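Biologist: I would be grateful for a close look at one part of this model, set against the chains as a whole. Please give the cut-offs behind each term as you use it.

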Amino acid sequence: MKNKECVAMLLAGGQGTRLKSLTKRIAKPAVFFGGKYRIIDFPLSNCTNSGIDTVGVLTQYEPLILNNYIGIGSSWDLDRKYGGVSVLPPHMQSEGGGWYTGTANAIYRNIKFLTQFEPEHVLVLSGDHIYKMDYSAMLDYHKGSGADATISVIEVPWEEASRFGIMNTDDTGRINEFDEKPAEPKSNLASMGVYIFKWDVLKQYLIEDNENEESSHDFGKDIIPALLYDYKKLMAYTFEGYWKDVGTVDSLWAANMDLLKDEPELNLNDHSWRIYSKNPNQPAQYISSCATVKNALINEGCRIYGTVDTSIIFYGVQAGEGSVVKDSVIMPEVKIGRNVKINRAIIAKGSVIEDNAVIGDPSPGSEITLVADEGSVMASSYATNR
Amino acid sequence: MDRLAGIINLDHEQDVLDELTYFRCGAAVPFAARYRMIDFAISNLTNSRIESIAVFARRKYRSLMDHLEQGKAWDLDRKRGGLFILPPDWNDPTDISRGDLQHFHNNIDFINRTLADYIVICGSQNIYNIDYRDALEAHKQSKADVTLIYKNVEELYPEYARSHKLDVDENGRVTGIHNDLQNQNVYMDAYIVEKNLLYELIEQCIAHGCSHFFFDGIKGKLNELNICAYEYKGQLSLINSIESYYRNSTNLLNEQFHDEIFQEASPVFTKIKDEAPSKYSLDSNVTNSLVANGCDIEGHVEDSILFRGVKIGKGAVVKNSIIMQRCEVEGNAVLENVILDKNCTISYGRTLIGAPEKPFVVAKQKTM
């Protein structure tokens with residue numbers, strides 16, 4: 001069978017503990033975003049839109065919903081006869097087995113998956129960032145520069161640079177140093193966790209890394225430093241556009257609120273770069289005669305009788321008369337009773353908010369309140385930060 | 001378990017929705033913000049666990065085929081059974097069939113090969129939510145040859161004038177099929193018949209030079225066959241004119257009506273479009289409306305239905321109107337009692353006002 005030029009490996013195994021109870025029962029890439037999507041829709045849609053039709057999804061933590069969601073990949077047009085999407089959980093082999101111990105280990109343990117496509121290049125992605133990126137442009141850059149590895153970077157504000165993995169480059173864009181969360185960053189080029197490797201080079205380093213008992217088997221901590229140590233050619237590819245790590249409750253909330261700006265940096269309504277998703281079958285949304293909706297994203301299947309202001313409402317949400325939802329993210333199938341007040345909150349899927357409940361702290365800058373998965377908030381109780 | 005197959009017979013449906021059916025058949029007319037008329041018929045069949053469905057199409061079926069594809073949206077992309085779109089392709093020189101019997105004759109293999117014991121035959125103009133398995137149960141209990149589905153309507157709207165009405169005796173037997181305008185038992189253009197009997201009736205009709213299966217094979221044999229009636233008690237919309245399209249669309253803004261058509265247990269399926277959620281701006285003011293995904297609303301919308309991907313500009317006012325897919329209503333435009341077909345643009349500041357009883361219809365892809 002013909003070989004594939006580039007195969008993507010999507011790291012979707014993370015628990016995402018900083019998302020608190022949102023990831024109690026689901027993996028972080030399956031967390032909801034933007035009124036309709038799950039985080040993993042973004043890298044998967046980017047693959048489809050970039051013409052990459054072979055994707056391995058590495059799962060480990062709470063895989064049921066994620067596996068179910070990905071299915072045969074038809075939602076992203078990745079149901080292909082040769083290639084398509086494959087879910088790759090940890091597995092037993094004759095020499096034993098165990099959990100993936102790091103990002104590099106996860107790819108190492110799936111060398112057989114990659115070998116069957118004989119790819120020239122491997123694109124490694126993480127499943128927890130919100131962005132629209134043309135990987136084919138990065139691949140062209142990678143091939144043009146003859147690099148062994150290309151790392152996608154984004155300029156971050158200098159004061160935040162010490163939170164990221166920072167690339168120090170020469171003026172041709174070649175990376176000569178990599179600092180993981182440096183105290184005094186020498187550059188503001190942060191790694192986005194998007195890598196393209198020459199497959200033969202990567203394979204060799206993965207095998208060597210696996211034999212190294214000192215290694216933590218991580219791309220950022222082990223593989224990239226090892227490549228740099230051997231003077232391999234690593235190039236930085238600068239990405240311009242919206243990119244957000246939604247790893248915490250606050251950043252997830254903020255990224256959702258970014259969609260409500262007048263001209264949002266991340267345009268979900270762009271037909272030339274659609275974000276594909278599994279579409280639930282729901283009738284059109286109904287906005288009643290007593291409803292007020294301002295500055296909001298609302299999905300199908302909702303019924304709004306109250307006030308929605310500066311909020312993101314997923315499918316199948318009901319908001320009762322007299323209720324006010326402000327600066328909040330309401331995940332699918334949440335039932336909000338009458339005269340409820342919700343401010344600066346994320347309400348997880350399937351929650352029931354009873355009449356007269358008050359949730360969240362409206363004062364600007366206060367912490368975002370999270371109502372847990374399928375929780376029920378009783379009347380006159382006050383949900384606290386969990 | 002008795003198996004059912006379905007036939008959606010569009011052959012005798014007229015393209016009566018003026019501008020909305022210039023370029024498409026009635027079954028492909030968009031309805032209820034994100035559906036096409038035929039979605040309701042197909043969803044009724046699939047929700048009744050019918051896995052083999054034929055669609056008899058004769059005219060203007062391009063957009064219908066585009067919409068139905070392989071039937072994936074209804075889970076009908078099956079190896080066994082599935083969706084069969086059957087437009088005319090009739091090359092048998094010995095074929096003497098006429099009218100909609102041409103469809104039955106030329107697609108007799110569908111009837112012969114299906115694993116089903118019974119066949120439901122329906123159209124696309126009646127919008128309702130039914131489980132045909134209940135009707136089948138009644139059909140078997142009554143030992144009928146044919147069971148016709150009808151509704152006893154409270155009000156005889158003008159669109160029912162063209163429907164058949166049924167006289168039903170106390171045993172549920174049909175004793176008359178006619179067009180009496182005062183009769184409230186409105187036949188819903190759907191019936192159940194055993195497969196082998198259907199085959200026999202088709203053969204007889206063709207042999208006698210008939211041209212309309214229901215008229216000749218069923219209505220005409222009222223005295224020979226045991227024809228029973230099954231009463232449907234839910235909501236019914238019959239759409240066979242612009243006025244009935246408009247009134248039944250706005251009926252969906254009535255919660256009770258809406259909930260009877262859209263039930264969680266028997267959802268209406270349609271082709272997926274991957275549109276983003278709808279965006280309401282700071283200046284938007286939307287009340288009593290149905291809105292599909294992908295809309296961008298900056299203006300005032302009341303008592304209206306917006307299909308997928310509609311843009312309403314700042315200062316625009318849309319009242320009692322139906323705006324179909326990807327229309328753009330620019331700023332300060334005013335629309336009242338209007339139906340805009342797909343891809344129309346209403347320029348800045350324009351006003352279009354139709355009469356409440358006679359909406360103004362704008363054909364597809366017009367710029368006003």
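Modeller: The account below begins with one strand, then turns to one residue and finally to the two chains.

This is a predicted model, in which local features need pLDDT of at least 70 and side-chain atom pairs count only at pLDDT 80 or more, whereas totals for chains, interfaces and linings use all residues. Residues are numbered from 1 along each chain as its sequence is written, chains are lettered from A and ligands numbered from 1 in the order in which they are written, and side-chain values use heavy atoms, with hydrogens and water left out.

The part chosen is strand β1 of chain A, residues 6-11. Helices (H or I, at least four residues) and strands (E, at least two) are DSSP runs, numbered from the N terminus. Six of the six residues of β1(A) are buried, so this strand is largely enclosed by the rest of the structure. Here buried means under 20% relative accessible area, exposed means over 50%, and partly exposed lies in between, with a 1.4 Å probe and protein chains only.

In a regular strand the side chains alternate between the two faces of the sheet. In β1(A), A:C6, A:A8 and A:L10 point one way, while A:V7, A:M9 and A:L11 point the other way. The residues of both sets are buried.

The strand has partners, where pairing requires that DSSP finds at least two bridges between two strands. Six bridges join β1(A) to strand β6 of chain A (residues 121-126), and the two run parallel. Within this pairing, A:M9 has A:V124 as its bridge partner in β6(A). Strand β4 of chain A (residues 54-58) also pairs with β1(A) in the parallel sense, over four bridges. There, A:L58 of β4(A) is the bridge partner of A:L11.

A single residue of chain B offers a second view. B:N126 is found in strand β7 of that chain, residues 126-127. With a relative accessibility of 7%, B:N126 counts as buried. Leaving aside neighbours within four places in sequence, B:N126 is in contact (heavy atoms within 4.5 Å) with B:M188, B:D189, B:L236, B:S237 and B:L238. B:F40 is 86 residues away from B:N126 along the chain, yet their C-alpha atoms are separated by 8.5 Å.

The chains provide the wider setting. Chain A contains eight helices and 28 strands. Its radius of gyration is 22 Å, close to the 21 Å that the globule rule gives for 386 residues, so chain A is as compact as a globular protein of that length. That radius is taken over C-alpha atoms, and the globule rule is 2.2 Å times the number of residues to the power 0.38. Along the principal axes, the C-alpha atoms of chain A fill a box of roughly 65 × 45 × 40 Å. Buried residues account for 59% of the 386 residues in chain A. Of the contacts in chain A between residues at least 6 apart in sequence, 57% join residues at least 24 apart.

Chain B contains nine helices and 28 strands. For chain B the radius of gyration is 21 Å, close to the 21 Å given by the globule rule for 368 residues, so chain B is as compact as a globular protein of that length. The C-alpha trace of chain B spans about 65 × 45 × 35 Å along its principal axes. In chain B, 59% of the 368 residues are buried.
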